[in-house]
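Trainee: I would like to learn how to read a structure of this kind. Please show it to me, and we can start with a single strand.

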Amino acid sequence: IIMNYKDYIAIVEDFPIKGISFKDITPLLQNAEAFTAAVKDLSEFAKEVGANVIVGPESRGFIFGCPVAVECGLSFVPIRKPGKLPREVAVKEYSLEYGTNKLCIHKDAVKQGDKVIIIDDLLATGGTVKAAVELIEELGATVVGCAFLIELTELKGSALLEGKTIKSLIQYPF
């Protein structure tokens with residue numbers, strides 16, 4: 001069965017601010033068949049690229065990354081905001097439109113030779129996932145792919161991931 005995932009995304013105009021067309025994934029999460037299909041499709045991609053570790057950025061990357069890890073029989077590694085991980089961390093600061101942010105990962109979470117796939121709900125401008133790629137690769141692992149439920153194509157986030165294999169289950173203009 002080919003799933004039309006767009007049937008399970010609610011578009012909310014002017015949220016969280018005027019001019020934004022928010023893509024609400026909760027209807028997909030609330031539909032067991034659609035959520036299961038999305039996890040299976042993302043899992044197939046993880047297998048295709050030969051991943052042995054699934055990484056998900058806080059917090060919606062956890063929603064999709066954890067079930068993909070279970071489906072594939074692989075480990076899951078969270079990337080979190082500062083102050084959320086209890087052991088020694090590697091930190092990556094990155095630029096936002098107005099200011100900076102930081103991502104953290106346990107220093108021993110990935111290692112040389114690991115083949116990592118990053119899974120998140122949305123690819124927009126690409127800044128967060130690019131920082132995640134850099135953080136993982138600074139620890140010696142290789143990012144073999146990046147997978148998303150939704151990609152906002154007009155924001156050209158995939159351009160920041162040049163050379164990486166990317167899978168998006170849904171594509172929208174901004």
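Trainee: Which residues point one way from β3, and which the other way?

Mentor: Keep in mind that this is a predicted model. In β3, V53, V55 and P57 point one way, while I54 and G56 point the other way.

Trainee: Are these residues buried or exposed?

Mentor: The test for buried is under 20% relative accessible area. Both sets in β3 are buried. Strand β3, residues 53-57, is therefore mostly covered by that test, with 5 of its 5 residues buried.

Trainee: How does that sit against the whole protein?

Mentor: Of the 174 residues, 42% count as buried.

Trainee: Which strands pair with β3, and in what sense?

Mentor: Look for the bridges between strands. One partner is β4, residues 75-79, which pairs with β3 in the parallel sense over 5 bridges. Within that pairing, G56 has P78 of β4 as its bridge partner. To get from β3 to β4 the chain passes through helix α3, residues 60-72, and this β-α-β crossover is right-handed. Another partner is β7, which runs parallel to β3 and is joined to it by 3 bridges. There, I54 stands opposite I117 of β7.

Trainee: How many helices and strands does the protein have?

Mentor: The secondary structure comes to 4 helices and 9 strands. Along the sequence, the order is β-β-α-α-β-α-β-β-β-β-α-β-β.

Trainee: What does the radius of gyration say about the overall form?

Mentor: Compare the value with the one expected for a compact globule of that length. For 174 residues the expected radius of gyration is near 16 Å, and the protein has 16 Å, so the two agree. The C-alpha trace spans about 40 × 40 × 30 Å along its principal axes.

Trainee: How is empty space found, and what is the volume of the largest pocket?

Mentor: Rolling a probe the size of a water molecule over the atoms shows where empty space is left. Here the largest pocket has a volume of about 1,100 Å³. Its lining has 37 residues, and those closest to the centre are R60, L122, A124, T125 and T128.

Trainee: Which elements give two or more residues to that lining?

Mentor: They are β2 (21-24), β5 (89-96), β6 (99-106), β7 (115-123), α4 (127-138) and β8 (142-152). Strand β7 is thus a name to mark twice: it contributes to the pocket lining and also pairs with β3.

Trainee: What kinds of residue make up the lining?

Mentor: Sort them by class: 18 are nonpolar, 9 polar and 10 charged.

How values were computed: Residues are numbered from 1 along each chain as its sequence is written. This is a predicted model: local features need pLDDT of at least 70, side-chain atom pairs count only at pLDDT 80 or more; totals for chains, interfaces and linings use all residues. Side-chain values use heavy atoms; hydrogens and water are left out. On a 1 Å grid over the protein atoms alone, a cavity is a set of points where a 1.4 Å probe fits but cannot get out, and a pocket is an open set with protein on both sides within 12 Å along at least five of seven lines; lining residues have an atom within 4 Å of a point. Grid points are joined across faces, edges and corners, and a volume is the space filled by probe spheres set on the points. Ala, Val, Leu, Ile, Met, Phe, Trp, Tyr, Cys and Pro count as nonpolar, Asp, Glu, Lys and Arg as charged, and the others, Gly among them, as polar. Buried means under 20% relative accessible area, exposed over 50%, partly exposed in between (1.4 Å probe, protein chains only). Two strands pair if DSSP finds at least two bridges between them. A crossover is right-handed if, with the strands pointing away from the viewer, the path from the first strand over the helix to the second runs clockwise. The radius of gyration is taken over C-alpha atoms; the globule rule is 2.2 Å times the number of residues to the power 0.38.
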